[in-house]
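Please open the model in your viewer and keep the sequence panel visible beside it. The tour below moves from one selection to the next, and at each stop it says what is there.

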Amino acid sequence: MARPGLTRHRKFARLARLLGSRALARGHLELLWDVAYENGDDLVGDAGDVEFLAEWQGEVGKLASALVEAGLLDLEGDQYRVHDLWDHAPEYVAHRRSKEQERRKTKACAYCGSEYNSPDSRSKYCTDTCRKAAWKDGRKTDGDGGVRSDASLETEGRRKETDGDGSPAPAPAPAPAPARRRKDLRAASAAPPVEPPRDPGTAPAEMPVQESRHQATIDAWATRFKASTGSKFVYQPADGRSVKELLKAIPEASVEEIGARMDRALATDWFRKSPDLKTFCSKWNAWAGPVPERSPPKPERRPAWTPDCGDPYADPLEVANAH
């Protein structure tokens, strides 16, 4: 496709004047350039080829002479070439041109010696059969290209198994273990020791004070949670972080005091509906008072206008008038 400024170029204006139409000039140019782009070659052919490829329907020879006069085609003998095609063609056309030039070169197969053509500059063999055969034969050749016999291969195999005097060759030393990188060593030394998970309520011997308080707090909550709700407490990482932050803020609080505040929290109506360890830790000061008494369940209320006849859909005025 031509550039947007084609119709304002002096060469196009000259061609349009010679042909008598701007539409004809652009249409024939587009058809001619499409052929050059597709083939990757600026050679179009003789005058008959030019007018046939451009689909010219007018006087024979008029379009070719007009293109030469306008400076859009170059005449070399009786052959026509697109003027400065490679200076204005897209990049894919230049790539196609290089492959076309490579394809026109005659190459000799490195295995069978037959001539062939290929657009790939790295090609050495005419077919895949020759390439595979050359690879198989290459395993049996010396460094200078000479063919090695099966006897020489067998002799070399025995030479590898024995020394020059015929004694068995010593076994090779084992390869050293790969050295660990300094980055991995720093990461291994900085990483904390990994402990196996344990169930709530079990604590290892000689546990640090802070860790024992942390585990005891979670065990106390699990026991009270099951007694209050009847279901098992499911531990979440957010609960552990909340307990850790709480114990840092109140280092003087004992496990008994924490358990007492848990009882106060679980006795509160609004908290008992959805008890949560994270919420308990965040509202620590709210559970400092005495244990609140649980309010009795509210009795079921009946509408005041419900008639004694047992019909809930009866009109109260009609029932009153009936009595």
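What follows is a walk through a predicted model, beginning with the whole chain and ending at a group of aromatic rings.

**The whole chain**

Begin with everything displayed as a cartoon, where the chain has 15 helices and 5 strands. If you colour by accessibility, buried residues make up 26% of the 323 residues in the chain. A contact map would add that, among contacts between residues at least 6 apart in sequence, 47% join residues at least 24 apart.

**Helices H1 and H4**

Select residues 10-19, which are helix H1, together with residues 62-70, which are helix H4. The axes of these two helices come within 9 Å and cross at roughly 150°, which means that H1 is roughly antiparallel to H4, since angles over 145 degrees count as such. The contact is made on the H1 side by Lys 11, Arg 14, Leu 15, Leu 18 and Leu 19, and on the H4 side by Lys 62, Leu 63, Ala 66, Leu 67, Glu 69 and Ala 70. With both helices still on screen, note also that the crossing of H1 and H4 is right-handed.

**The loop that leads to H4**

Keep H4 displayed and add helix H3 (47-53), then look at the loop between H3 and H4, where Gly 58 is found. Is Gly 58 buried, exposed or partly exposed? Its relative accessibility is 38%, so Gly 58 counts as partly exposed, the range for that class lying between 20% and 50%. Draw a distance from the C-alpha of Gly 58 to the C-alpha of Leu 19, and the two are 9.6 Å apart in space while being 39 residues apart in sequence. Leu 19 is one of the H1 residues that make the contact with H4.

The loop between H3 and H4 is also the place of Glu 55. Most residues other than glycine have a negative phi. Glu 55, which is not a glycine, has a positive phi of about 60°.

**Helices H2 and H6**

Next select residues 22-39 for helix H2 and residues 91-103 for helix H6, whose axes come within 7 Å and cross at roughly 50°. That angle makes H2 oblique to H6. To see where they touch, show side chains for Tyr 37, Glu 38 and Asn 39 in H2, which meet Tyr 92, Val 93, Arg 96 and Glu 100 in H6.

**The three-stranded sheet**

Now hide the helices and turn to the open sheet, in which 3 strands lie in the order S1-S3-S2 with antiparallel pairing. The edge strands, each pairing on one side only, are S1 (43-45) and S2 (73-76). From one strand to the next the twist averages 35°. Strand S3, at residues 79-82, pairs with S1 in the antiparallel sense over 2 bridges, and if you zoom in on these two strands you will find Leu 43 opposite Arg 81 of S3.

**The aromatic cluster**

For the last stop, select Trp 221, Phe 225, Phe 233, Phe 280 and Trp 284, which form one aromatic cluster. How many aromatic pairs are there? When pairs are taken as rings whose centres lie within 6.5 Å, the count comes to 4. The rings of Phe 225 and Phe 233 have centres 5.8 Å apart and planes at 65°, so this pair is edge-to-face. Both Phe 225 and Phe 233 are buried.

Note on methods: Residues numbered from 1 in each chain as written. Predicted model: local features only at pLDDT ≥ 70, side-chain atom pairs only at ≥ 80, totals over all residues. Heavy atoms only, no water. Pairing = 2+ DSSP bridges. Helix = DSSP H or I, 4+ residues; strand = E, 2+ residues; numbered from the N terminus. Axes fitted to C-alpha atoms, helices over the stretch in contact; angles between N-to-C directions. Phe/Tyr/Trp six-rings, centres within 6.5 Å; stacked < 30°, edge-to-face > 60°. Buried < 20%, exposed > 50% of the residue type's maximum accessible area, 1.4 Å probe, protein only. Parallel < 35°, antiparallel > 145°, perpendicular 65-115°, else oblique. Left-handed = near helix turned anticlockwise from the far one by under 90°. Contact = heavy atoms within 4.5 Å.
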